[in-house]
Every structure is written in C-alpha cells, then in structure tokens.
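User: I am new to this structure and would like a close look at a single part of it, where aromatic rings come together. Please take me through that part step by step.

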Amino acid sequence: MLDLLRDTIETELSKPLVFHQLYSSAPWGGSKIAAVFKRTDAEICSESWEMSGHPYGMNIVKSGAFKGKSLDELLRLYGRKLVGAKAGDISKFPLITKILDARESLSVQVHPDETNAKLTGGEPKTEAWVVLGAEPGAKLYAGLRQGFDERSIRSALGDGGRLLSMLNSYEVKSGDVLFIPGGIVHVIGAGCLIYEVQQSSNTTYRLHDWNRADVHHSDRRLHIEESLKTIRYDLSAQKISYLAPSDSRNHWHTVVRSGFFRIRDVVLTQKMSVNLDGTSFINFFAAEGQCTVTSGGESCLLQAGRSALVAACAKHVVLEPESNECKLIASSL
C-alpha cells in the first residue's frame, strides 16, 4: 500500500508544475512584460516572479493535483524528490527566476556572497541575467573598473553618474548573458528586459537610487555601510562572465555553470527529449515562440514568457516546438 502511494505521489510530482506569477511595481518598472508576453494582469510592472519559494514572494501552483500549494509547501512535503540530490540545504527552494523590465535604470546596488552575508545579516545572492530585449544603446553595468576602491566609492556617494563611470559597462542585445557573483556592484540600465536566475534571496543593498521616492513618496532607503561591507574589492572584471547570444538549434548550450545554478539554452525546431538523473529539477522558460513540455504523462503549453518546473524525480521530459522555432532557457542546480 505504501509503495502504491509513493508511486502515485511520484507520478503526480513528475508532471510539469506551472505557477501563478507574482508581480511587483518598483518605480523603475515599465509596460514591456505586459506588451511582449501578452499579460493583461501586468500593465505597469517592474518584476514578475516566475518561480520562488522565498517568504517574500511565494509562487502558487496553478492547476493539477497540487493546485493551490506553494512551492515551499511542495518542498516541505517532498524534499529531494522535488529538488534533487545536488541541493545542499533543502529547508528552502534554492533558486528564484524572474523577469525584470527596466524602464529606468535600477539602483547602483550589491548583494552579499556566502562569506560577507554574515557581516550584515543578509542572504547570499549570486545571479545571472539573460537579456530578452534591449533598446538601442541599452547597457548593463557590473564590477568596479581597475583602480577604484572603497575610498573612490565614498567620494562619489550621491553622484550616480560618477558611480556608473567606475563600473564596467556592456552595451547589450537580446540573448546576451551576464553572470554576477555576490559582492559585485551592478546596475541594470534603462531599456533592458531581463530574465534573471538567482539564489533564493531578497537582500539588496543600494548605494544610489537616482533620488527616487517609494510608494509613500519618501526617498527609497540606501544602505551605504552595508554595501561597503559587502562589495568584493578583490574580484576583478574577469570574474564576470559576459556571453554573446548562442544559436544552438536542437542542442543544449551551457550558458552559465556555477556552484549555485546552471543555465542552458536551446533553439527548438524539432521534438527532443531530456533525461533526468535525480540530481536536480529543471525549470523551463520559453523566451521566444512556444512549445509543449511533457513529463509524467502530462503536457503543458509554454507560450513566450511562461515557465514550467519539472521535479527531480521525473525520468524524462519531451519538448516539442509549437511554432517554427522556440527558444528555451533551462535552469537547474
């Protein structure tokens, strides 16, 4: 009886998990998430959280046997059957994925890494940005240029332009990728539409925020001393991986491989299978076009801008394009 129950649960958990999105409206957000991905519920939106088990924003399963359950609940119930053997701490789901629309530049900011998070009580956050769209001249900024240090930053506090001039800048286009380890000062520039994969964390320390007000019309809080304790002055620009777009048809291309997550992409023009070995879940995001994701005997249609999570206990996944081609981004451990 217990074996039958276990097999039933595993079969249900092997089916694609689709979540309700969570939207936020920071003052730098715009209307591209609604326009590009045809979302009528996100007219003005800075971020759409696609997959999260973080207390700050918890995605809820949209349909099927687990409808109404949060990702955190599923983790508590099924542990490594959901996340896989590679996960270290399974008390929280390890990754967050989100879409960001920067109508204006984000703050000059930094996140802690595993070591210096202890200095401020924050949560470690290493992340990667995949550019989904960029207006002409749009830039991403990451990492202090050679010769700049804490003293340089202190002298430029209050002057966003000077702070930006201290960072490496990258003029970007759709498909570009930037990997941002914790401790790296960075800015998402105006005109960028970004798909972000990150450690499960909601810690951001702001050095400068362009004198913007919050919803209560007060200046948004800065975190000067926390930022200065968090910045890794020893990390050079070479630690930041910048990758140009790939055009890998029906063959997975590894974009980022780190100790925290792996990102791959593929342009699907024909049906393909992905085998899982129990070491990690896979989250599929349709960046362009649409495709059908089938696992555990059930299928779901991923239109552009939509995600599906396949648990580590699934044996294999079948991906089939429903348009001439579909660009998929897969994130896992």
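Analyst: This is a predicted model, and a good place to begin is Phe 37, which at 6% relative accessibility counts as buried, because the limit for that word is under 20%. Phe 285 counts as buried as well, with a relative accessibility of 0%. A further ring belongs in this picture, for Tyr 195 and Phe 285 form a stacked aromatic pair, with 4.0 Å from centre to centre and 10° between the planes. Tyr 195 lies in strand E12 (residues 192-199) and Phe 285 in strand E18, so this pair ties together parts that are 90 residues apart in sequence. Both of these residues, Tyr 195 and Phe 285, are buried.

The search of the whole structure finds seven aromatic pairs, and among them is the one that Phe 37 and Phe 285 form, which is edge-to-face, with 6.5 Å from centre to centre and 80° between the planes. Since Phe 37 lies in helix H2 (residues 32-37) and Phe 285 in strand E18 (residues 282-288), that pair ties together parts that are 248 residues apart in sequence. Taken together, ring pairs link Phe 37, Tyr 195 and Phe 285 into a cluster, in which Phe 285 pairs edge-to-face with Phe 37 and is stacked with Tyr 195.

Key
Residues are numbered from 1 along each chain as its sequence is written. This is a predicted model: local features need pLDDT of at least 70, side-chain atom pairs count only at pLDDT 80 or more; totals for chains, interfaces and linings use all residues. Side-chain values use heavy atoms; hydrogens and water are left out. Rings of Phe, Tyr and Trp (its six-membered ring) pair if their centres lie within 6.5 Å; planes under 30 degrees apart count as stacked, over 60 as edge-to-face and the rest as tilted. Helices (H or I, at least four residues) and strands (E, at least two) are DSSP runs, numbered from the N terminus. Buried means under 20% relative accessible area, exposed over 50%, partly exposed in between (1.4 Å probe, protein chains only).
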